[in-house]
Amino acid sequence: MKKRNASGQLRARGLMVAAGAALLLSGCATNNPRDPLEPFNRAMFSFNDAVDRAALKPAATAYKKVTPSFVQTGVNNFFGNLSDLWSSLNNFAQFKGQDGFQDLTRFAVNSTLGLAGVLDIATPAGLRKHNEDLGQTLGYWGVPAGPYLMLPLLGPSTVRDTAALPGDWWGDAWTHVNDVPWRNSGIVLRAVDQRASVLDASTLLEEAALDRYEFLRDGYLQRRESQVLDTDKAQERAEKVHDRIEKVQEKLGVKKAAAPDDGAGDAAPASAPADNAAPNNPPVPSPATPAPATK
């Protein structure tokens, strides 16, 4: 009996220490200015994680093992093709005419020649896919992102992106399917397919990240900001311009400027005259010796 009482006291003390540590962590967690709702967000993250472990991840694992890879590709292409239509409208709303026409052309080509989008013919043809939504459009027009927000079942978001969700749902062509069983089955299939596509990444995250919530939050906010500001597109455009300049220089026979460190330590300075060469400046005459004073 004494041993049981002692073990019970140790367990109670351990629970008290764990609870105190959790309170300290939750108190420190609210210091992030971009995540003032962290206690609520962490609770939603735990709820989503429990649902994922119990239902979504096992279903995605079975789907990936049983379903042939070409079928998975077809499912991903089909729903991705539907998203191109809404993406094109958001591109036009952001005055990105070229990207908007590319997405609209992708939708037209894949919907017809690609068997309702099951086959992706547009990408090999050079039509790049863009993923633009209403949240990015609002960010383009200066609407601030607001605090980070973890939504139940839907995952990470911000206040701005959450306010844009009704518009994105309306812009999703699959939500306009009148047959309710077909529509709901498609929604479930798309969710399972998307979860299956990130199984390896989620496993790596579970093994590597010490605080998965913080890792997911910071990664999402950074990527979302990059999507709104088109940081990746700006970098891609800069690289293309640099490549074009190099090609023009090669055609004109212009040599590339040497880097500052290339041979700088071995070569003599350009301003230093050679040993046998005459100096650039004339020699300065030495001052005349004063004549001896006469008595």
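A salt bridge is taken here as a side-chain nitrogen of Lys or Arg within 4 Å of a carboxyl oxygen of Asp or Glu. By this rule the count comes to 18 salt bridges in the structure shown, which is a predicted model.

**Figure 1. Overall view of the predicted protein.** The secondary structure comprises 10 helices and 2 strands. From the N terminus on, the order of these elements is α-α-α-α-α-β-β-α-α-α-α-α. Of the 295 residues in the protein, 27% are buried. Contacts between residues at least 6 apart in sequence include 66% that join residues at least 24 apart. The accessible surface amounts to about 20,500 Å², and carbon and sulfur atoms account for 65% of this area.

**Figure 2. Close-up of the salt bridge between E38 and R217.** The closest N and O atoms of E38 and R217 are 3.5 Å apart. E38 belongs to helix 2 (residues 38-66) and R217 to helix 9 (residues 212-229), so this salt bridge ties together parts of the chain that are 179 residues apart in sequence. Both E38 and R217 are buried.

**Figure 3. Close-up of the salt bridge between R195 and D52.** The two side chains meet with an N to O distance of 2.7 Å. R195 is located in helix 7 (residues 180-197) and D52 in helix 2, so the pair ties together parts that are 143 residues apart in sequence. R195 is buried, as is D52.

**Figure 4. Close-up of the salt bridge between D133 and R224.** The N to O distance between these side chains is 2.8 Å. D133 lies in the loop between helix 4 (97-112) and helix 5 (134-140), whereas R224 lies in helix 9; the pair thereby links distant parts of the chain, 91 residues apart. D133 has a relative accessibility of 18% and therefore counts as buried, the cut-off being under 20% relative accessible area. R224 has a relative accessible area of 10% and is likewise buried.

**Figure 5. Close-up of a salt-bridge network that includes E38 and R217.** Salt bridges with shared partners join D35, E38, R42, D211, R217 and D218 into one network. Among the members of this network are the two residues of Figure 2, E38 and R217, whose side chains form a salt bridge with each other. E38 and R217 are both buried.

Methods: Residues are numbered from 1 along each chain as its sequence is written. This is a predicted model: local features need pLDDT of at least 70, side-chain atom pairs count only at pLDDT 80 or more; totals for chains, interfaces and linings use all residues. Side-chain values use heavy atoms; hydrogens and water are left out. Helices (H or I, at least four residues) and strands (E, at least two) are DSSP runs, numbered from the N terminus. Buried means under 20% relative accessible area, exposed over 50%, partly exposed in between (1.4 Å probe, protein chains only). Contact means heavy atoms within 4.5 Å. Accessible areas come from the Shrake-Rupley method with a 1.4 Å probe; for residues, only the protein chains shown count as cover.
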